[in-house]
Amino acid sequence: DAPAPRISVLGTGYLGATHAVSMAALGMEVVGYDTDPAKVAALQAGKVPFFEPGLPELLEEQLATGRLRFTTDVAEAVAFADVHFVCVGTPQTKTSHAANLSFVEAATTAIAENLTHDALIVGKSTVPVGTGARLRELVAAKARQDVRVELVWNPEFLREGKAVQDTLHPDRIVMGGTTPESEAVLRRVYATPIAEGSPVVVCDLPTAELVKVSANAFLATKISFINAIASVCEAADADVTVLADALGHDVRIGRQFLDAGLGFGGGCLPKDIRALMHRANELGAHQASALLQQVDEINMGQRGRVIDLALEACGGSVLNRRVGVLGAAFKPQTDDVRDSPALNVAAALHLRGAQVTVYDPEAGDTARASFPTLGYATSVEEAVEGADVVLVLTEWDEFVGAEPATLAPLTQHANVIDARGKLDPQRWRQAGWSFRGLGRTAA
Ligand code: UDX
């Protein structure tokens with residue numbers, strides 16, 4: 001068997017930090033590189049700069065083996081490794097829906113300029129189709145002529161909150177634009193998950209780039225589809241949660257990602273569908289773009305719908321009304337508030353003059369950093385104290401399991417809006433609450 005390649009990981013955000021730690025856990029020697037000295041220092045000290053279940057324990061364990069370390073010295077990281085994973089961010093640009101590729105270009109350039117021996121560059125970041133081909137030209141222009149370097153794409157599908165599990169046991173491993181040599185290297189890197197049954201898809205570079213964005217676009221479409229149906233349910237006095245369960249029994253449809261409610265947010269889905277919308281238009285695939293545009297519009301409309309329900313619950317205006325907001329993270333099991341629908345709604349009500357108090361079991365600090373003008377509580381009870389209306393905007397277990405009978409007397413008016421479809425309407429109504437949900441009957 002070929003010896004295990006040495007790994008560098010460029011970018012130590014959610015993706016890169018998890019990838020670096022996981023590659024070490026698979027037995028390889030790994031160096032993680034980031035331009036941010038604070039991130040590098042934290043990781044080297046065994047601290048994960050964000051909330052991700054299981055990652056801190058694995059980081060500590062792998063640092064202790066001596067296989068894993070972090071650096072801000074890119075030349076040293078590139079000289080050390082044989083396989084370089086590009087895991088930097090591709091945020092939405094300020095002026096359009098396009099992805100900002102400057103970090104990907106900077107990381108690839110840094111690798112190319114510092115190569116000391118033959119190497120494989122593996123793109124993992126989510127990029128518009130066609131990026132890999134451009135990066136190959138960049139590498140050819142910047143790398144020493146006496147080294148052999150390949151660039152391939154190996155997209156990452158990890159979910160926040162399940163990042164370690166998704167990296168160590170991926171649903172599939174996509175290898176795009178490989179030669180037999182680089183395919184063999186990647187198969188060596190992923191030998192353990194492959195042996196454990198993760199399927200491998202070998203394809204060309206553009207297909208690999210598109211698999212990733214299409215997967216996210218499909219998930220987003222599924223969510224907006226059920227939210228569109230939810231609005232029909234509401235108008236027809238039907239219940240979307242029961243409907244989704246019934247749809248889900250069809251194995252061709254599946255129950256996952258059919259939870260109607262406040263819609264999708266986070267650092268990936270919203271920006272990825274917009275980037276695909278933009279790229280599809282550039283490529284002349286206008287209908288694909290129009291479909292994604294609808295997905296985005298339906299999704300953003302859900303936020304407006306919840307705001308309307310809150311206004312309605314307060315008799316038409318929230319001016320000086322108390323609004324208790326349960327949930328700030330874009331989904332449970334994370335402290336991430338990037339494009340969080342929950343905070344978006346909270347901030348909109350605050351702008352309309354409401355006194356908003358937010359509670360989230362993990363995302364209080366990150367929320368406060370982004371939205372310092374909102375009020376923050378340290379418990380469910382404190383958040384609902386004196387509230388005219390209570391909004392459940394992220395489906396943390398703590399909220400789903402809350403006791404409505406104990407909470408009702410703490411509020412001014414026992415009004416609850418379940419924007420995630422996880423509360424039991426009957427239980428809340430029996431405890432005296434006026435209950436509204438998205439896609440559910442009003443009475
Ligand atoms: C997503 C993809 O799942 C992952 O494969 C990709 O690599 C990155 O983007 P993530 O952003 O971590 O992962 O979140 P995900 O679990 O997909 O949830 C996205 C959003 O959709 C959340 O805001 C969630 O609340 C919402 N959602 C999800 C729904 O509104 N309804 C559902 O049924 C499922």
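Helices and strands are here DSSP runs: a helix has at least four residues and a strand at least two. The structure treated in these exercises is a predicted model.

**Exercise 1. The annotated C-terminal domain**

Determine which residues UniProt lists for the C-terminal domain, and how much of that stretch is helix and how much is strand.

*Solution.*
Step 1. The unreviewed UniProt entry lists residues 324–425 for "domain: UDP-glucose/GDP-mannose dehydrogenase C-terminal".
Step 2. Over residues 324–425, helix accounts for 31% of the chain and strand for 18%.
Step 3. The C-alpha atoms at the two ends of this stretch are 18 Å apart.

**Exercise 2. Two domains and the ligand**

Describe how domain 1 and domain 2 are arranged, and state where the ligand shell lies with respect to them.

*Solution.*
Step 1. The domain assignment divides the protein into domain 1 (7–202) and domain 2 (217–437).
Step 2. The centres of the two domains, taken over C-alpha atoms, are separated by 33 Å.
Step 3. At the contact, 14 residues of domain 1 meet 13 residues of domain 2. The side of domain 1 that touches domain 2 consists of eight nonpolar residues, five polar residues and one charged residue.
Step 4. The ligand is surrounded by 19 residues, and the closest are Glu160, Asp259, Phe264, Gly266 and Cys268. By class, ten residues of this shell are nonpolar, five are polar and four are charged.
Step 5. Helix H10 (residues 205–236) provides the largest share of the shell, with three residues.
Step 6. Both domain 1 and domain 2 contribute residues to the shell, so the shell lies between them.

**Exercise 3. The annotated active site**

Locate Cys268 in the chain and decide whether cysteine 268 is buried or exposed.

*Solution.*
Step 1. In the unreviewed UniProt entry, the annotation "active site" covers Cys268.
Step 2. Cysteine 268 is situated in the loop between helix H11 (240–248) and helix H12 (269–282).
Step 3. A residue counts as buried if 20 or more other C-beta atoms lie within 10 Å of its own. Cysteine 268 has 26 such atoms within 10 Å and is therefore buried.
Step 4. Cys268 is also one of the closest residues to the ligand.

**Exercise 4. Binding-site residues**

Establish why the annotated binding-site residues do not all gather at one spot, and then examine phenylalanine 257 and leucine 258.

*Solution.*
Step 1. The unreviewed UniProt entry places the feature "binding site" at several residues, among them Glu160, Phe257, Leu258, Asp259 and Lys331.
Step 2. The annotated residues span 175 residues in sequence, and the farthest two C-alpha atoms are 24.5 Å apart, so the residues do not all gather at one spot.
Step 3. Phenylalanine 257 belongs to the loop between H11 and H12, and leucine 258 lies in that loop as well.
Step 4. With 16 other C-beta atoms within 10 Å, phenylalanine 257 is partly exposed. Leucine 258 has 21 C-beta neighbours inside 10 Å and therefore counts as buried.
Step 5. Leaving aside neighbours within four places in sequence, phenylalanine 257 is in contact with Leu219, Lys222 and Ile223. With residues up to four places away likewise not counted, leucine 258 touches Lys222, Ile226, Ala244, Leu247 and Gly248.

**Exercise 5. A sheet and strand E9**

State the order of the strands in the six-stranded sheet, and explain why strand E9 is described as largely enclosed.

*Solution.*
Step 1. The six strands form an open sheet in the order E11-E10-E9-E12-E13-E14, with parallel pairing.
Step 2. Strand E11 (375–376) and strand E14 (434–437) are the edge strands, since each pairs on one side only.
Step 3. Strand E9 (residues 322–326) runs parallel to strand E12 (residues 389–392) and is joined to it by four bridges. Within this pair, valine 325 has leucine 391 of E12 as its bridge partner.
Step 4. Five bridges join E9 to strand E10 (residues 355–359), again in parallel. Here leucine 326 has tyrosine 359 of E10 as its bridge partner.
Step 5. Arg322, Gly324 and Leu326 on one side of E9 are buried, as are Val323 and Val325 on the other, and both faces are thus covered.
Step 6. Five of the five residues of E9 are buried, so the strand is largely enclosed by the rest of the structure.

Definitions and conventions: Residues numbered from 1 in each chain as written. Predicted model: local features only at pLDDT ≥ 70, side-chain atom pairs only at ≥ 80, totals over all residues. UniProt positions renumbered as here; feature names shortened; annotations may be inferred. Buried ≥ 20, exposed ≤ 12 C-beta atoms within 10 Å, placed from the backbone. Near = placed C-beta within 6 Å. Nonpolar A, V, L, I, M, F, W, Y, C, P; charged D, E, K, R; others polar. Domains from an automatic or database assignment. Contact = placed C-beta atoms within 7 Å. Pairing = 2+ DSSP bridges.
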